[in-house]
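Thanks for sharing this one with me. Here are my notes, point by point, to read alongside the structure.

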Amino acid sequence: MNYKVKKWKRKRRVILKRDEYLCRHCKRYGKTTAATIVHHVMPAEDYPKYKYVNVNLLSVCTKCHNSFHDRITNKLTEKGMFWFNKVSPHLLSSKK
């Protein structure tokens with residue numbers, strides 16, 4: 001995925017604003033942490049048709065984002081799968 005294109009930059013701003021620039025994973029635990037990354041819950045490489053769909057995008061901090069992926073295999077970790085399982089039924093059942 002090309003993260004330098006205008007379309008992505010605009011979408012990223014929209015998602016960060018939607019989530020009030022706070023990490024949604026930290027928020028689950030009552031923490032207030034600034035979000036700097038917009039994470040593709042269903043990976044863009046595997047599910048390209050959902051790469052710009054709002055429900056598939058999640059504002060997170062760097063620490064949480066790194067915990068969602070195994071950086072060697074690039075597979076989702078248990079934390080990444082939590083969000084995948086939460087979001088995927090909404091996307092896969094839609095007509096998008």
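Which helix and which strand each supply at least two residues of the lining of the largest pocket?

1. They are helix 1 (6-18) and strand 1 (37-40). Strand 1 provides the largest share of that lining, with 4 residues.

2. A word on confidence before going further: this is a predicted model. The protein has a mean pLDDT of 93, and 97% of its residues are at 70 or more. Confidence is highest in strand 2 (residues 57-60), where the mean is 98, and lowest in helix 4 (residues 78-92), where the mean is 92.

3. Back to the pocket. The largest pocket has a volume of about 230 Å³. It is lined by 15 residues, and Tyr3, Val38, His40, His65 and His69 are the closest to its centre. Sorted by class, the lining holds 6 nonpolar, 6 polar and 3 charged residues.

4. Next, the interior. The largest nonpolar core has 16 residues, and those touching the most other members are Cys23, Val41, Leu58, Val60, Cys64, Phe68 and Leu91. Strand 2, helix 3 (62-68) and helix 4 each contribute at least two residues to this core, and helix 4 gives the most, with 4 residues. Apart from this core there is another, of 6 residues, including Trp8, Ile15, Leu16 and Leu57.

5. Val60 is a good residue to click on. Leaving aside residues up to four places away in sequence, Val60 touches Cys23, Ala35, Thr36, Ile37, His39, His65 and Phe68. Of these, Cys23 and Phe68 are also among the core residues that touch the most other members, while His65 is one of the residues closest to the centre of the largest pocket.

Definitions and conventions. Residues are numbered from 1 along each chain as its sequence is written. This is a predicted model: local features need pLDDT of at least 70, side-chain atom pairs count only at pLDDT 80 or more; totals for chains, interfaces and linings use all residues. Side-chain values use heavy atoms; hydrogens and water are left out. pLDDT is the predictor's confidence in each residue, from 0 to 100. On a 1 Å grid over the protein atoms alone, a cavity is a set of points where a 1.4 Å probe fits but cannot get out, and a pocket is an open set with protein on both sides within 12 Å along at least five of seven lines; lining residues have an atom within 4 Å of a point. Grid points are joined across faces, edges and corners, and a volume is the space filled by probe spheres set on the points. Ala, Val, Leu, Ile, Met, Phe, Trp, Tyr, Cys and Pro count as nonpolar, Asp, Glu, Lys and Arg as charged, and the others, Gly among them, as polar. A nonpolar core is a set of buried Ala, Val, Leu, Ile, Met, Phe, Trp, Tyr and Cys residues joined through side-chain atoms within 4.5 Å. Buried means under 20% relative accessible area, exposed over 50%, partly exposed in between (1.4 Å probe, protein chains only). Contact means heavy atoms within 4.5 Å.
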